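Colleague: I am new to this structure and would like to learn how to read it. Please show it to me, and then I will ask about one feature at a time.

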Amino acid sequence: METSDSRQTIRQQIIDLLGSDTLTVRDLSQAVSIPEKEVMEHLGHIERSVRNQGKKLMKTPYKCLLCGFVFDNRIRFSKPGRCPSCKKSHIQTARYHIE
Ligand SMILES: [Zn+2]
């Protein structure tokens, strides 16, 4: 069981990483050694907390590599299963950055 302190520390590490680089959920998961699912939870909180600091979590959306369909309105951070346009599953992973 994680303490709230260690969760805070991990969240700050993610904020620091995204402040200097553009990264995927997988990159972040490996960098801070937590599962991708937890990274996604942190990103939801981070999006709100950086807004309070006058910053913004920039999202490069998921995109279909075959037809170019962009998952523009996706508010979840999890990867879409397949493209609603061409029904294929060659999806480019979303990337995140704080500026
Ligand atoms: Zn497509």
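Colleague: Among the elements of the chain, which has the lowest mean pLDDT and which the highest?

Modeller: The term pLDDT is the predictor's confidence in each residue, from 0 to 100. Helices (H or I, at least four residues) and strands (E, at least two) are DSSP runs, numbered from the N terminus. H1 has the lowest mean pLDDT of the elements, 91, and H2 has the highest, 97. For the chain, the mean pLDDT is 91, and 93% of the residues reach 70 or more. This is a predicted model, in which local features need pLDDT of at least 70 and side-chain atom pairs count only at pLDDT 80 or more, while totals for chains, interfaces and linings use all residues. Residues are numbered from 1 along each chain as its sequence is written, and side-chain values use heavy atoms, with hydrogens and water left out.

Colleague: How many helices and strands are there in the chain?

Modeller: The chain has three helices and four strands, in the pattern α-α-α-β-β-β-β along the sequence. Its C-alpha trace spans about 45 × 30 × 20 Å along the principal axes.

Colleague: What coordinates the zinc ion?

Modeller: Donors are N, O and S atoms within 2.8 Å of the metal (3.2 Å for Na, K and Ca); water is not among the atoms, so sites may look incomplete. Here the zinc ion is coordinated by the SG atoms of Cys 64, Cys 67, Cys 83 and Cys 86, at 2.3 to 2.4 Å. Along the chain, these donors follow the spacing C-x2-C-x15-C-x2-C. Cys 67 and Cys 86 link distant parts of the chain: they are 19 residues apart, and each is in the loop between strand S2 (63–64) and strand S3 (91–92).

Colleague: Why is the arrangement of the donor atoms around the zinc ion tetrahedral?

Modeller: Four donors count as tetrahedral if all angles lie between 85 and 135 degrees; four count as square planar and six as octahedral if opposite donors are over 155 degrees apart and all others between 65 and 115; anything else is irregular. The four donor atoms here subtend angles of 104 to 118 degrees, so the arrangement is tetrahedral.

Colleague: Why does Cys 67 count as partly exposed?

Modeller: Buried means under 20% relative accessible area, exposed over 50%, and partly exposed in between (1.4 Å probe, protein chains only). Cys 67 has 39% relative accessibility, so Cys 67 counts as partly exposed. Cys 86 is partly exposed too, at 23%. Arg 26, in helix H2, is exposed, with a relative accessible area of 52%. Of the 99 residues in the chain, 32% are buried.

Colleague: Where does Thr 24 lie, and is Thr 24 buried or exposed?

Modeller: Thr 24 lies in the loop between H1 and H2 and is buried, with a relative accessible area of 9%. Contact means heavy atoms within 4.5 Å. Leaving aside neighbours within four places in sequence, Thr 24 is in contact with Thr 93, Ala 94 and Arg 95.

Colleague: Which residues of H3 are buried?

Modeller: They are Val 39, His 42, Leu 43, Gly 44, Ile 46, Glu 47 and Val 50. What covers them includes helix H1 (4–20), helix H2 (25–32), strand S1 (57–60) and strand S4 (95–98).
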